[in-house]
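Student: I am new to this structure. Please take one helix and walk me through it closely.

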Amino acid sequence: MAERGRVVVIGAGIVGAAIARSLGRGGHEVIVLDRGPTAGGTSASGEGNLLVSDKGPGAELELMQRSLELWRELDGQLRDELPAGFPSLELDHKGGLVVATTASGAMALREFATRQRPAGVVAQEVDEQQVRELEPDLTRDYTAAVFYPGDAQVQPVVATESLLASARLHGAQVRQGVEVTGPIMSAGRLVGVQTSGGPVYGDAVVLAAGPWSGGLSAGLGAPLPVRPRRGTVLVTTRMPQRIRRKVYDADYVGAVGSGAADLQVSSVVESTAAGTVLIGSSRERKGFDDRIEARVVAAMAAKALLLFPFLKDVPVMRAYGGFRPFVPDHLPVIGPDPRLAGLWHATGHEGAGIGLSLATAEILTALMDGTSNGENPFRVDRDTLAPYLEEVV
């Protein structure tokens with residue numbers, strides 16, 4: 001779709017919001033649809049991670065590196081665009097500290113950092129004195145630590161709402177409480193969607209519904225293997241800041257890259273601007289089961305104490321969960337669907353959607369406008385998805 005047109009974006013989370021803003025700034029007419037409230041799904045249940053530390057060399061790392069550049073630009077742009085008093089993104093370039101607590105973990109951490117450096121990642125192995133300067137209260141029972149100054153964090157709900165507010169300034173419509181129920185076809189092309197609020201027409205439809213993209217893509221006639229992967233986060237009561245950066249154990253990288261469906265827990269600990277401490281993380285594929293389970297909470301708390309023993313005296317005031325959009329090859333799916341003209345995808349980011357949202361929007365906009373250069377490693381017809389692309393509905 002090289003010419004500017006009307007684009008229907010399904011999903012008002014951060015990926016859909018970033019796309020709406022990008023397309024709107026580029027001159028497209030944009031309508032965003034969501035069956036619930038804006039930022040009410042996955043974007044509301046994350047920690048706001050902008051991480052290079054958990055990504056090996058390759059397409060996803062490059063997408064994150066570009067996104068970090070765009071986040072820095074966006075922070076200033078939104079201050080200029082949005083009214084005075086609009087909440088801050090809480091963009092914090094605080095860096096991340098990855099810690100190993102076993103000999104094998106130390107070896108794996110060092111090897112991972114060594115592979116990242118040629119790809120432009122700053123990964124500094126730090127000694128005991130440097131560790132104490134970075135995190136005075138970190139356990140002394142660790143075997144290696146690597147500091148990633150490029151890691152950052154945003155407030156994900158505020159970021160989503162800010163992107164949508166900017167998109168509205170560029171003419172986008174945002175419709176909440178509107179459920180997509182099926183496709184509208186014309187001459188073999190998708191020209192809109194049926195919804196609970198009536199038909200919505202467009203020159204293109206972008207599916208950016210996170211973990212719900214699997215069911216929606218099937219309903220539109222072009223199924224993708226996007227499945228929900230559940231995660232849980234613990235939130236402590238407010239306290240004086242004693243954790244200065246994002247700190248996680250080296251097992252986290254393996255958990256992110258695993259395709260296993262059973263429960264996996266690794267320790268991710270960080271403070272927020274509000275004075276609480278967020279404790280993650282868990283991963284488990286069991287559909288859209290949203291129950292907070294004691295076994296998961298207990299395992300996460302135990303892992304967190306291995307990094308910061310002082311947390312044993314800090315009350316946890318609540319726990320919340322959410323669903324990440326899991327794809328078998330762990331890469332997002334971005335671009336036009338080769339099976340159904342008019343359908344575009346921007347989904348499958350799993351736990352990295354907050355960080356990758358801006359570069360995802362940039363890629364999709366360039367593809368729609370016909371200004372993209374080079375191969376798109378996130379295209380829908382990747383070999384790893386080939387079995388699913390043969391399913392003609």
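Tutor: Start with the length of helix H5, residues 156-169. Helices (H or I, at least four residues) and strands (E, at least two) are DSSP runs, numbered from the N terminus. The expected span of a helix is 1.5 Å times one less than its number of residues. H5 has 14 residues, so it should span 20 Å, and its end C-alpha atoms are indeed 20 Å apart.

This is a predicted model: local features need pLDDT of at least 70, side-chain atom pairs count only at pLDDT 80 or more, and totals for chains, interfaces and linings use all residues. Residues are numbered from 1 along each chain as its sequence is written, and side-chain values use heavy atoms, with hydrogens and water left out.

Now look at the ends of H5. At the N-terminal end, Gln-155 acts as a cap. One of its side-chain oxygens lies 2.9 Å from the backbone nitrogen of Val-157. Just after H5 comes Gly-171, with a positive phi of about 100°.

Next, the surroundings. H5 is mostly covered, with 10 of its 14 residues buried (under 20% relative accessible area, 1.4 Å probe, protein chains only). Among them are Pro-156, Val-158, Leu-163, Leu-164 and Ala-167. Thr-160, Ser-162 and Ser-166 are buried too.

What do the buried residues of H5 pack against? Three partners are helices: H1 (14-25), H2 (59-81) and H9 (353-369). Strand E8 (173-176) is also a partner.

Conventions:
Buried < 20%, exposed > 50% of the residue type's maximum accessible area, 1.4 Å probe, protein only. Contact = heavy atoms within 4.5 Å. Polar contact = N/O pair within 3.5 Å; in protein donor to acceptor, adjacent residues only side chain to side chain.
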